[in-house]
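I opened this notebook to record what I looked up, one entry per topic. The entries follow the order in which I looked.

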Amino acid sequence: MDFGEGALSRLRVARGPDPLWETVLSLHLLQNRQEPLVYDPWRQEVKSALHRAGLAADVRALMALCPPAKYFPDFLTPGSGDTVLEEAVDRVLSTPRARLVAELTRLSADLRGPAPRSVCWVATGEPAALRWLGITLRRYHAVAVEPYAAAIRARIARDRARRAEAALSGGAEGLLASYAEQPGWRHQGTRLAAPYPQPRLLRLQGRRLTVVPGFFCVRAPLTLADDALPPVLVHPLSPEPGWLPRLRSGTAAPSVAQLIGASRAHLLEVLGTPMTTTALAAALRLAPSTASRHAAVLREAGLVATRRAGNRVLHHRTALGRALLDQSNPAAAPDAP
């Protein structure tokens, strides 16, 4: 990726999981055997749940639309860090017929043998076909992604905290360099090289790139096939083996203090009630400048928000911040209104 022509200053990190990227990438994992230590317990649980829900046949048809191959249709992942499933699905169902035909024709050309019935049906753009696609995407997400949301959000919060620290310490260049810490990634000047599955040069030409962390993204990053679409880069989060047993036991991830540091974890805890920087500093026994810096890191990570109330500036926990605390301490007190 080339971040020349001002694109580096427009680099953006998605605030949370993108529901359709997670949906499509999880469908890939159900069709392959990648990272068995990490994902096999999830595979077994989801396959059983799909059969119990009577969804197995529909999901097999959905898999034909997004195989774990070099190419799968871009229209299935229209978002760039969107966090509302219904809005994302509506965008899929609003895909122009010409684009449906073009992308599914390309998919069919890459397949061996005749195109599956579900591919041909969706390519017609008929209301019944799109209705089936929307319903199946929603029902599959409810079985294969939503039950694991606590683990997904915690892992993303950990990644965002790392990116926020890099951006605050080194600006846009520091943020870009932070991705080069991953195995196989390299950063030099305005270019970032990643272990993409096939040779590819993404020329941003001044456009904003949105980096989306992917819980079900495995080994290598992904981007959209069509360079004319708004640029998106989905990168692996690499959850640790045993994440599913920890989720089931109520310890989906390491403690908040392990993820973001003891001082910032304490700051997040006390923000059940909105507070000024001065009040935060007093509560945490920190210098105001230090409290402000911690709040800024958490704000960049999407865990804290800041708003003006009269002549005061108040910090408060966001929904993502509450979720991170809740998964670590289910008995945590709710935020003040």
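**Entry 1: the hairpin**

I began with Val-304, which stands opposite Arg-317 in β8. I am working from a predicted model. I then looked up the two strands involved: β7 covers residues 304–309 and β8 covers residues 312–317, and they pair in the antiparallel sense over six bridges. Together β7 and β8 form a hairpin with two residues between them. In the turn I noted Gly-310, with a positive phi of about 65 degrees.

**Entry 2: the open sheet**

Next I took the sheet with the order β1-β4-β6-β5. It is open, has four strands and shows mixed pairing. Its edge strands are β1 (12–13) and β5 (222–223), each of which pairs on one side only.

I followed the pairing from β1 inward. β1 pairs with β4 (residues 210–214) in the parallel sense over two bridges. I looked up Arg-12 and found Thr-210 as its bridge partner in β4. β4 also pairs with β6, again in the parallel sense, over five bridges. Here the bridge partner of Thr-210 is Val-232 in β6.

I also checked what lies across the sheet. Helix α1 (residues 19–31) lies across β4, β5 and β6 (232–236), and runs at about 55 degrees to β6.

**Entry 3: burial of β4**

Is β4 enclosed or open to the outside? Five of its five residues are buried, so β4 is largely enclosed by the rest of the structure. I then sorted these residues by face. In a regular strand the side chains alternate between the two faces of the sheet. In β4, Thr-210, Val-212 and Gly-214 are on one side and Val-211 and Pro-213 on the other, and both faces are covered.

I spent one more note on Gly-214, which is in strand β4. Its relative accessibility is 2%; the cut-off for buried is under 20%, so Gly-214 counts as buried. Leaving out residues up to four places away in sequence, Gly-214 touches Glu-22, Val-234, His-235, Pro-236 and Leu-237. I also looked up the separation of Gly-214 and Pro-17: they are 197 residues apart along the chain, yet their C-alpha atoms are separated by 7.0 Å.

**Entry 4: aromatic pairs**

How many aromatic pairs does a search of the whole structure find? The search returns eight. I wrote down two of them.

One is the pair of Tyr-39 and Phe-216, which is tilted, with 6.1 Å centre to centre and 40 degrees between the planes. Tyr-39 lies in helix α2 (residues 36–52) and Phe-216 in the loop between β4 and β5, so the pair ties together parts that are 177 residues apart in sequence. Both Tyr-39 and Phe-216 are buried.

The other is the pair of Tyr-148 and Trp-243, which is edge-to-face, with 5.9 Å centre to centre and 80 degrees between the planes. This pair also links distant parts of the chain: Tyr-148 is in the loop between α7 (127–144) and α8 (149–179), Trp-243 is in helix α9 (residues 243–248), and they are 95 residues apart. Tyr-148 is buried, with a relative accessible area of 2%. For Trp-243, also buried, the relative accessible area is 2%.

I then traced how the rings connect. Ring pairs join Tyr-39, Trp-42, Tyr-148, Phe-215, Phe-216 and Trp-243 into a cluster.

**Entry 5: nonpolar cores**

The largest nonpolar core has 61 residues. Those touching the most other members are Trp-42, Leu-65, Leu-133, Tyr-140, Phe-216 and Trp-243. I listed the contacts of Leu-133, not counting residues up to four places away in sequence: Leu-62, Leu-65, Phe-75, Leu-76, Val-92, Leu-93 and Val-122. Another core, of 22 residues, lies apart from it and includes Ala-164, Ile-260, Ala-265 and Leu-267.

**Entry 6: Arg-163**

Last, I looked at Arg-163, which is found in helix α8. Is Arg-163 buried or exposed? Arg-163 is buried, with a relative accessible area of 7%. Arg-163 lies over the face of Tyr-179, at 4.1 Å from the ring centre. Not counting residues up to four places away in sequence, Arg-163 touches Leu-175, Ser-178, Tyr-179, Gln-182 and His-235. His-235 also appears among the contacts of Gly-214.

Methods: Residues numbered from 1 in each chain as written. Predicted model: local features only at pLDDT ≥ 70, side-chain atom pairs only at ≥ 80, totals over all residues. Heavy atoms only, no water. Pairing = 2+ DSSP bridges. Contact = heavy atoms within 4.5 Å. Axes fitted to C-alpha atoms, helices over the stretch in contact; angles between N-to-C directions. Phe/Tyr/Trp six-rings, centres within 6.5 Å; stacked < 30°, edge-to-face > 60°. Buried < 20%, exposed > 50% of the residue type's maximum accessible area, 1.4 Å probe, protein only. Lys NZ or Arg CZ within 6 Å of the ring centre and 35° of its normal. Core = buried A, V, L, I, M, F, W, Y, C linked by side-chain atoms within 4.5 Å.
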